[in-house]
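Please work through the exercises below with the sequence and the model open beside you. Each task is followed by a solution that goes step by step.

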Amino acid sequence: MKKNYHLCFSGGDEILFRDQEDYRRGFNCFALALYKTDSTGLVEAFMSNHCHMLIQTTSPTHFMQHFRHPYSMYFNRKYHRAGKLGERLHFGMEVVGYNHMLAAASYTLRNPLHHGAVSIPYAYPHCSVNSIFMQEMGKKQESRLLH
């Protein structure tokens with residue numbers, strides 16, 4: 001049975017997403033991991049040195065393997081490095097109940113604001129808050145995430 005999880009992948013001292021191509025690849029790896037693990041993405045925010053994801057899945061560890069491994073291979077190839085990318089373990093917490101779900105979604109969507117990257121959550125381009133409220137904000141999607 002699928003359960004809700006708040007997951008965070010941290011780069012530790014390393015920058016995970018250095019340019020737009022990295023963010024696009026990260027989102028693509030996220031989408032493919034959802035597909036391969038029959039999971040559902042609820043909200044996400046990709047910051048330069050970490051990313052938060054709220055998903056429904058049967059195995060958060062399996063999902064993270066499918067997300068991290070291909071992104072690490074891409075990153076290592078692009079930046080001529082070797083080894084694991086980011087911290088050895090990811091943060092994972094089961095989200096139980098309506099209030100917990102609301103708090104986890106709010107925290108994820110407001111993460112760029114929390115870290116001082118923007119003055120309002122809608123100003124940050126690498127967060128699903130823009131997709132969720134696209135019509136209300138009068139925005140159009142700038143580029144396709146999956147080519």
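The exercises that follow treat the overall fold, two helices, two loop residues, the cysteines and a pocket.

This is a predicted model, in which local features need pLDDT of at least 70 and side-chain atom pairs count only at pLDDT 80 or more, while totals for chains, interfaces and linings use all residues. Residues are numbered from 1 along each chain as its sequence is written, and side-chain values use heavy atoms, with hydrogens and water left out.

**Exercise 1. Describe the secondary structure and the burial of the protein.**

Step one is to list the elements, where helices (H or I, at least four residues) and strands (E, at least two) are DSSP runs numbered from the N terminus. The protein has six helices and four strands, and along the sequence these follow the pattern β-α-β-β-α-β-α-α-α-α.

Step two concerns burial, for which buried means under 20% relative accessible area, exposed over 50%, and partly exposed in between, with a 1.4 Å probe and protein chains only. Of the 147 residues, 41% count as buried.

Step three turns to contacts, defined as heavy atoms within 4.5 Å. Among contacts between residues at least 6 apart in sequence, 67% join residues at least 24 apart.

**Exercise 2. Compare the span of H1 and of H2 with expectation, and find what covers their buried residues.**

The expected span of a helix is 1.5 Å times one less than its number of residues. For the 17 residues of H1 this gives 24 Å, and the end C-alpha atoms are 24 Å apart, which agrees. For the 19 residues of H2 the expected span is 27 Å, and its end C-alpha atoms are likewise 27 Å apart.

The buried residues of H1 include Phe-27, Cys-29 and Phe-30, and the buried residues of this helix pack against S2, strand S3 (50–57) and H2. In H2, the buried residues include Phe-63, Phe-67, Arg-68 and Tyr-71, and their cover includes strand S1 (3–10), H1, S2 and S3.

**Exercise 3. Locate Asp-38 and His-80, and state what their backbone angles show.**

Most residues other than glycine have a negative phi. Asp-38, although not a glycine, has a positive phi of about 55°; this residue is found in the loop between helix H1 (20–36) and strand S2 (40–46), and is exposed, with a relative accessible area of 56%.

His-80 is not a glycine either, and has a positive phi of about 50°. His-80 lies in the loop between helix H2 (60–78) and strand S4 (91–95), and counts as exposed at 75% relative accessibility.

**Exercise 4. How many disulfides does the model contain, and where does Cys-51 stand?**

A disulfide is a pair of cysteine sulfur atoms within 2.5 Å, and by this rule the count is zero. The sulfur of Cys-51 is 6.5 Å from the closest cysteine sulfur, in Cys-8, and therefore too far for a bond. Cys-51 is buried, at 0% relative accessibility, and Cys-29 is also buried, at 5%.

**Exercise 5. Characterise the second largest pocket.**

On a 1 Å grid over the protein atoms alone, a pocket is an open set of points where a 1.4 Å probe fits, with protein on both sides within 12 Å along at least five of seven lines, and lining residues have an atom within 4 Å of a point.

The second largest pocket is lined by 14 residues, of which Gln-65, Arg-68, His-69, Lys-84 and Arg-88 lie nearest its centre.
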